[in-house]
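Please show the sequence and the structure, then work through some questions on them.

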Amino acid sequence: MKKGLKFDFTLIAILLIPIGVAINVVISQLVQVLRIPLYLDAIGTMLVAMIAGPWVGLVTGGLTNVIKSIFSPTELPFAIVSMVIGLTVGYFSIKKMFTSVGKTIIAGVILTFIVIIVSTPISVILFGGSTGDSSSAVRAIFLASGQGIWKSVFSSNLLIESIDKILSLLITYTIVKKMSDRYLSKHNYGQNFLDS
Amino acid sequence: MSFIQLKNVSYKYPIGKGDVLKGINVKIEKGGFYALIGANGSGKTTFCNVLRGFVPHFYKGDLRGDVLIDGKDIREWEMGELAQKIGFVFQNPFTQISGVKETVFEEIAFGLENLGVDVDIIIQKVEEVIGLLGIDYLRDKNPQELSGGQKQRVALASIIVMEPEILVIDEPTSQLDPRGTEEIFKIIELMKLKGKTIILAEHKIELIAEKAEQILVFQDGEVVMQGTTEEILTDPQVLEYGAALPQYALLGLEMKKRNWEVGQIPLTEQQAITTVKGLSHPKGEQVCHS
Amino acid sequence: MKEKSNNLLLDLYPSTKFLITLFIIITVFIVKGYLYGYLMVPLCLLLALYAKVFKELLGLLIKTLLVLITFIFLIQSFFYPGDTILWSWSFLSLRQEGIDFSLLLTSRIGAIGSALLLFFRITSVKDIVYSLEQLGLPSKVTYVVLSTLTIIPEMKKLSMTIMDAQKTRGVETEGNLRVRAKAFLPTLTPLILTSVASTEERAITLEARAFTAPVKKTSLYRIEKTKKDTVVRILLLLLLIVIIVWRVAL
């Protein structure tokens, strides 16, 4: 399986990166327009990671936050979280974790924990546990109930992230399954999603 | 030896059942204008991709037989080398722009930048192509904001600027209106006059009858007929292979069927008029004017 | 060739502009107290005024940082551990330690946030990637970044078109959460599938344009360093030395 970065970054995989980033950004807006109380903004990263592997997924995640930080610099430190999502989902894809709905949910649970372990320190150390969105309110409730800042951030993250990441993976899985075999076969990690 | 030669070429995509090209034997001479005709899915596009080296370099799959470009097998060509040897233009105008350039001028320059040509020479060559194709009014426009026809002309310009000897053009007008189509054909003719070898897959049979010199008829992945435009486009056999004939040839064939003395079957409007004028029709029948 | 705007700040080379931002980020951790950090916000605004991007920067500062800073104050002032209780109501206690911590944290966030926002207001992404390419970044990276910037607005437009089409076919986009959530997938799926499928033809386009040719590329677009860049760089370095010396001496 170890074929090096050059093997992963084929031309068509490279061309998928801008698409993945744009999907992430457009979903952030779509979620606002439809007033859906979730982020779902890593679906592009997950999609790229699933069919083009962990390293291309990592780049997609990182670039998403760099692009977002042009208008919102507080997104920049969380680039690490996005990169970890790309890496993890890509790795899961290699390990054939996305072959059924059940396995995808399990992958979502593991991903949630990884995401929280990476994002909680960033959120607490750099921003004192606040992010300036709805999750800050949830955190305030945990804090008011007498828990420390680390525990509050961790717990509020667990609540929101688990729903968000599991749902995101399921949506991505559904969409990848809809791609044509001919297209999937052009990507290094697409063969796990072929119908036949 | 021919400029391009395919010997017993068969090809199968990595996913999919059976060969999409079956035992193709074709010779293409330098400076010729070859048209590929046949029903959708008959193998024209795959054939174009083989000539340009996208099969097997990009599409992978299983390519058998010999594909010789200028005597060298396609599998031995580098993609960069091929880009300079064979220009490739396809149907969709929207995916044929680089997507990173802000003006048409820069867009046309992209290929030469990739080849590492000196900036001064790039500017000179781009100017030349813009003048040649008469698209000066587009030069400062954003390529994203052009119409389909304009995009397609810019796509052609972007390939022509790299001065390939061979142009492989796959249904360039299928998404264009009649005016856009005409503009594209004007450019193709211009390239023919410049001595380029042209291989064009196209459905607009009237235009092919007027411009092409040689025709290859495709059916189910095979080249079922090949010959000069006059031979092929006057042969009713073409219809049985699922390809079309020009309406003027159909008229001529219909007249011949009724035992009228048509002589040469007409291909173009001009020839049809001549044929009808010189017609010595049998007694008692009226010539129908269509 | 990039046209000159005759604005000292705007005409600087991208890396010089970034050094200004980096200078602010570094010094905000060197200088003690929150006042310096807070001063950086109006300084950035002043620079923005000179570069004629004041309104944009102010708008973004309010949009991205104000809510965050308010939340930090609210949460830290009441929940940061400490003994100096200033005011108390029910289970909530306002503590001096929390306020001090908030001031320090928000001053840094404010300074770094403003510096980064300013950098992106006065430097085009195109210039950033081209200067990085000159430093040896592969041209594929340049392509990916620039292509992303073109694709985002295109995809936004496409998403709105698809949503409108869904509406005419009876998919509701207004109403309760369930109704709105149901509109999400029918909009997203075609958007993603169309965009992803286009990569295949894009790859062919790039191959046809010798994108993968193994030669060193040239570029019509050029940005060059001037004497002003050198002057600004030296000034920044001197200023940094002064601040470090002053900090160590105190």
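The turns below take up a sheet and then an interface.

Student: What kind of model is this, and how are residues and chains labelled?
Tutor: Residues are numbered from 1 along each chain as its sequence is written, and chains are lettered from A in the order in which they are written. Side-chain values use heavy atoms, without hydrogens and water, local features need pLDDT of at least 70 and side-chain atom pairs pLDDT 80 or more, while totals for chains, interfaces and linings use all residues, since the model is predicted.

Student: Which strands of the open sheet in chain B stand at the edges?
Tutor: Strands here are DSSP runs of E, at least two residues, numbered from the N terminus, and two of them pair if DSSP finds at least two bridges between them. The open sheet of chain B has the order β6-β7-β8-β3-β9-β10, with mixed pairing. Each edge strand has a single partner, so one side is left without a neighbour in the sheet: these are β6 (86–89) and β10 (222–228) of chain B.

Student: In what sense do β3 and β9 of chain B pair?
Tutor: Ala35(B) stands opposite Ile215(B) in β9(B). Over five bridges, β3 (residues 33–38) and β9 (residues 214–219) of chain B pair in a sense that is parallel.

Student: How many salt bridges does the rule find across the interface of chain A and chain B?
Tutor: Chain A and chain B bury about 460 Å² between them (accessible area lost on being put together, 1.4 Å probe, summed over both), with 79% of it on carbon and sulfur atoms. A salt bridge needs a side-chain nitrogen of Lys or Arg within 4 Å of a carboxyl oxygen of Asp or Glu. Across this interface of chain A and chain B the count is zero.

Conventions: Helices (H or I, at least four residues) and strands (E, at least two) are DSSP runs, numbered from the N terminus. Buried area is the accessible area (1.4 Å probe) that two parts lose on being put together, summed over both.
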